[in-house]
Amino acid sequence: MKQLVCENFEAFRNYQGKALPEGDWIVVTQEMINNFAKATMDFQWIHIDEARAKKDSPFKTTIAHGFMSVSLLSKMLEDLVVVKTATMGVNYGLNKVRFPSPVLVNDKLRLKANIGSIEDYNNGGLKITWNCIVEIHNKEKPACVADFISLMF
């Protein structure tokens with residue numbers, strides 16, 4: 001996978017408004033969905049009951065939680081962007097989050113994103129708005145579209 005590697009914040013600022021490399025595909029397994037259900041205590045049958053989903057769901061299989069797609073953004077961005085002088089990053093928030101298409105078990109996801117804005121933040125940090133689209137392999141509509149905001153120090 002290709003990464004955007006920057007020596008420091010100054011070099012990183014040059015990428016504002018530019019697209020990131022495309023991420024690698026991540027397969028969403030039933031184990032991941034079950035673990036997300038446990039972590040969030042969201043045990044709706046459509047996510048975890050494979051037999052009932054096959055019988056009663058319009059998708060005929062289990063689907064991932066919408067918020068699971070959002071939760072993957074941190075990992076997907078971390079895989080694509082390296083700022084060598086950064087000591088840590090934290091999530092700050094989200095804007096305009098939508099889930100246009102469900103993620104079925106065993107779907108493959110990847111991130112397409114650009115750096116919407118980079119602003120100064122307390123004590124030498126940065127506040128970054130990432131314009132994110134989580135694509136589903138071989139599907140027209142994405143799993144998630146969101147403006148993801150993070151802090152980098």
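User: Is Ala146 buried or exposed?

Analyst: This is a predicted model, and every value here is computed from it. Ala146 has 2% relative accessibility, so it counts as buried, the cut-off being under 20%.

User: Where is Ala146 found, and which residues does Ala146 touch?

Analyst: Ala146 is found in strand β7. Leaving out residues up to four places away in sequence, Ala146 touches Leu73, Leu94, Asn95, Lys96, Val97, Trp130, Asn131 and Cys132. Take Leu94 from that list. Ala146 and Leu94 are 52 residues apart along the chain, yet their C-alpha atoms are separated by 6.8 Å.

User: How do I read the sheet? What is the order of its strands?

Analyst: Start with the general idea. Strands of a sheet pair through backbone hydrogen bonds, either parallel or antiparallel. Here the sheet is open, has 5 strands and follows the order β2-β5-β6-β7-β4, with antiparallel pairing. The edges are β2 (26-27) and β4 (89-98). Each has a single partner strand, so one side of each is left without a neighbour in the sheet.

User: Which helix packs on the sheet?

Analyst: Helix α5, residues 66-80. It touches β2, β4, β5, β6 and β7 (144-152), and its direction makes about 75° with that of β5.

User: How many bridges join β5 to β6?

Analyst: There are 12, between β5 (residues 108-121) and β6 (residues 125-136), and these strands run antiparallel. For one position, look at Arg110, which stands opposite Glu135 in β6. The two strands form a hairpin with 3 residues between them. Asn123, in the turn, has a positive phi of about 50°. As for β2, 2 bridges join it to β5, also antiparallel. Ile26 has Leu109 in β5 as its bridge partner.

User: What about the nonpolar core? Which residues touch the most other members?

Analyst: In soluble globular proteins, nonpolar side chains tend to be buried together. The largest nonpolar core here has 37 residues. Phe12, Leu20, Leu109, Leu111 and Trp130 touch the most other members. Elements giving two or more residues include β1 (4-6), α1 (9-13), α2 (30-40) and β3 (81-83). The largest share, 7 residues, comes from α5. Consider Leu111: beyond its neighbours within four places in sequence, its contacts include Pro21, Leu73, Met76, Leu77, Leu80 and Ile133.

User: How many disulfides are there?

Analyst: A disulfide is a covalent bond between the sulfur atoms of two cysteines. The count in this model is 0. Cys132 shows the reasoning: its sulfur is 7.8 Å from the closest cysteine sulfur, in Cys144, which is too far for a bond because the cut-off is 2.5 Å. Cys132 is buried at 2% relative accessible area, and Cys144 is buried at 1%.

User: How many aromatic pairs does a search of the whole structure find?

Analyst: A pair of aromatic rings is described by the distance of the centres and the angle of the planes. The search finds 4 pairs. One of them is Phe12 with Trp130, a tilted pair at 6.0 Å centre to centre and 50° between the planes. Phe12 lies in helix α1 and Trp130 in strand β6, so this pair ties together parts 118 residues apart in sequence. Both rings belong to buried residues.

User: Which parts of the chain does the pair of Tyr121 and Phe153 link?

Analyst: That pair is edge-to-face, at 6.1 Å centre to centre and 70° between the planes. Tyr121 is in strand β5, and Phe153 is in the segment after β7, 32 residues apart. Tyr121 is partly exposed at 25%, and Phe153 is partly exposed at 28%. Ring pairs link Tyr92, Tyr121 and Phe153 into a cluster.

Note on methods:
Residues are numbered from 1 along each chain as its sequence is written. This is a predicted model: local features need pLDDT of at least 70, side-chain atom pairs count only at pLDDT 80 or more; totals for chains, interfaces and linings use all residues. Side-chain values use heavy atoms; hydrogens and water are left out. Two strands pair if DSSP finds at least two bridges between them. Helices (H or I, at least four residues) and strands (E, at least two) are DSSP runs, numbered from the N terminus. Contact means heavy atoms within 4.5 Å. Axes are lines fitted to C-alpha atoms, for helices over the stretch in contact, and angles run from 0 to 180 degrees between N-to-C directions. A nonpolar core is a set of buried Ala, Val, Leu, Ile, Met, Phe, Trp, Tyr and Cys residues joined through side-chain atoms within 4.5 Å. Buried means under 20% relative accessible area, exposed over 50%, partly exposed in between (1.4 Å probe, protein chains only). Rings of Phe, Tyr and Trp (its six-membered ring) pair if their centres lie within 6.5 Å; planes under 30 degrees apart count as stacked, over 60 as edge-to-face and the rest as tilted.
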